[in-house]
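Trainee: I would like to learn how to read a structure of this kind feature by feature, beginning with its surface. Could you take me through it slowly?

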Amino acid sequence: MALPRQTKRSDAITRGVERTPNRAMLRAVGFNDHDFEKAIVAVANGYSTITPCNAGLNVLTSRAVSALRQANTMPQVFGTITVSDGISMGTEGMRYSLVSREVIADSIETVCQAQSVDGLLAIGGCDKNMPGAMIAIARLNIPSIFVYGGTIKAGTYDGRDLTVVSAFEAVGEYCAGKINESELLEVERRACPGSGSCGGMYTANTMSASIEALGLSLPHSSTMAAEDPEKSENAHASAIVLANAIKNQILPRALLTRKAFENAIAVVMAVGGSTNAVLHLLAIAHASQVKLSLDDFEAIRKRVPVLCDLKPSGKYVATDLHKAGGIPQVMKMLLNDGLIHGDTLTITGETLSDALAEVPDKPSTRQKVIRQSDEPLYVNGHLAILRGNLAPEGAVTKVSGVKNRNITGPARVFDSEESCLQAIISGGIKAGDVVVIRYEGPKGGPGMREMLAPTSAIIGAGLGDSVALITDGRFSGGTYGMVVGHVSPEAAVGGAIALVNEGDSITIDAECGLLQINVSHTELAQRYEAWRPPTSKYGHGVLGKYAALVSSASVGAVTDLHSPAKACS
C-alpha cells in the first residue's frame, strides 16, 4: 500500500517530531500507532434529507467505510452539500442549482488538499453532485472513484410509469383543462415513491452513465436502483477497487483523456441523455486539462445513433435500462460498431475493452429498451449544436421526439422564466410562436436556471409540437420538445438574444445547425448601440461571486477560466 502523501513529502520533516501535533489530532478521531502508515482515504458524503436523490447515501457511506477499513486504509468522512433541482425548480432558489456544482467541487478539493489525503471516494445522487465531484477529482488527480446513489424506482398511476417530470406536465394538463384536480393530486402523490435520483434519462442518470463511460465508476453502477441491495454492494466493491488504485497509483487524469471524453459523449448520445451533459462534460474536461469543445459534440452526434427508448421523450426509465443490460450493454454495441475507444483505462486498471469482454454483443430480443444496432431509435444523436447570428458561440438543442426540426416563427420575448410561465398558463402562447426567455444565463440569472416549468406547461397544454422555446438558461434533463438552450453569448453580456424584439422572425433549423434572427446586421448593430446591461440585484453573496467569475456556457460555465465572457453585437 502506498504511504499517505504526508509521509512522503519530506523524509526528515514527515517522519520527525514535527508531525507529532498532527498525529495527536488524528489519534483523537481513532488512529492508533500502526494506522499512520496506512493510506488516508477521504469519503465525500453528499447525504441529506433535502432531496430523495441523496436520502440513502449514509447507508452507502457506511458500507464504503467498512470496506476501506478491511482494505487496510483509514477512511475519513466529511459532508458536502446538495440542493434539489426538482424542489427549487421554477423558483428563485433554482439560481443556486448550477452554482452548487462549483461549491461541491470547491469543498471536496478544499478538504482533500487541506488534509493531504491519499485517495477519494465520492458519493452523490442529485444532478450537481456528480459533475461537482468529478471536477474535484480531476483537479486533485489522486486515486479516486465515484459511487452513484442510485436511481428512483418509477411511480405508477392509471397504468403508466411516472417520474417527477410527470408532476410538472400534469400542472400544464390541469391548466389546459385536460385533467381535474383529483387526477393532478394523484400524480403528485405517486410520482416519487422512494429514495433515488429522478428515474428517466434525466441529468442525474445521464451524468452517472457518463462517469461510468469515463471509467471512474464500476460497470453497471450507473443504472442501479437506490433502494436495491446491489447498490450497497456496489459501494463496498468500489471501496475495494479504490484501495487497489491507491496501491497502484491509478490517477484520474490517466483515465480522463480525450478518448474517454469522446466515449462519454457517445454514450450520452446513445442513451438520449440530458442537454446538461454538454455543460458538465465541458467543465470536467476543463478541470482535466483536456481540450473539448461544442464542435466535438456535434461531430460525435453525426455518427452515433440513439439506441435507447428512454424518458423524457421515450417510454422507459433507468431501472428498465438496468434490467436490459445497462450502460455496459450500450457501450459494447458502440465498441463493436467502432464508435467508442476500447483502449481507454478504467479505475480497475483494465481497459474498457477488457471490462466489456463478457458483455453480450447484442442486447436480448426479449427487451425493448435498447434497440438493436441496425434498428436505432434515431440514426444520429439527439443533442445538436446550433450556431448563427443569434448564437455565434453556440447553443444546444435536444431533437429526440421532435416532429418538426425546422421552425420559423414570431418571437414572444420574456425577460424571466416567471413571466413566460404566466403567459403559457393564461393561454397567451399560440401554435407557431417561438418563445424567447433571456437574462437567465450563467451571469444574467445568475445561475442559469432550468426552464422545466415553462417547457412542461407547453407540453401539458398540447403545444409541444408547434411551439419552440429558446433561452440562454438551461433545461432540465426531463425537458423535451423543440427547445434550444445555452444560447451564447448570453443576454447579460450583450449577446444577440438581448436584441430580440417581440414579433421578430426567428429560424431554428436543427438539421442545418442554424439558430438565426431574421433581422439585418445593420439593424442588430443599431439595437446593440442602444442596449444597456440590466442592473443585477444579486451583487453580493454566493450569486454575486458566481456572476463575477462564471464563464460562457459554451465552455462549460466554469468559474476558473480566467477570462471574462465577451459581449457581442
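Trainee: Which residues make the nonpolar surface patch?

Mentor: Patches are made of residues with over 30% relative accessible area and no salt bridge (a side-chain nitrogen of Lys or Arg within 4 Å of a carboxyl oxygen of Asp or Glu), where like charges are joined within 9 Å and nonpolar side chains (Val, Leu, Ile, Met, Phe, Trp, Tyr) within 5 Å. Here Ile81, Tyr96, Val103 and Val542 make a nonpolar patch of about 300 Å², with areas taken from the Shrake-Rupley method with a 1.4 Å probe and, for residues, only the protein chains shown counting as cover. Val542 lies in helix H21 (residues 541-549), helices (H or I, at least four residues) and strands (E, at least two) being DSSP runs numbered from the N terminus. Keep in mind that this is a predicted model, in which local features need pLDDT of at least 70 and side-chain atom pairs count only at pLDDT 80 or more, while totals for chains, interfaces and linings use all residues. Residues are numbered from 1 along each chain as its sequence is written, and side-chain values use heavy atoms, with hydrogens and water left out.

Trainee: Is Val542 buried, partly exposed or exposed?

Mentor: Buried means under 20% relative accessible area, exposed over 50%, and partly exposed in between (1.4 Å probe, protein chains only). Val542, with a relative accessible area of 39%, is partly exposed.

Trainee: Why is helix H14 described as largely enclosed?

Mentor: Helix H14 (residues 294-301) has six of its eight residues buried, so the rest of the structure largely encloses it. Among those buried residues are Leu294, Phe297 and Ile300, and the buried residues of H14 pack against helices H12 (258-271) and H13 (276-288) and strands E7 (383-388) and E8 (391-398), contact meaning heavy atoms within 4.5 Å.

Trainee: In what order do the four strands of the open sheet stand?

Mentor: Two strands pair if DSSP finds at least two bridges between them. The order in this open sheet is E2-E1-E3-E4, with parallel pairing. Strands E2 (74-79) and E4 (144-148) stand at the edges with a single partner strand each, so one side of each has no neighbour in the sheet. E4 pairs with strand E3 (residues 119-124) over five bridges in the parallel sense, and Val147 in E4 is the bridge partner of Ile123.

Trainee: Which residues cover the two faces of strand E11?

Mentor: In a regular strand the side chains alternate between the two faces of the sheet. In strand E11 (residues 468-471), Ala468 and Ile470 on one side and Leu469 and Thr471 on the other are all buried.
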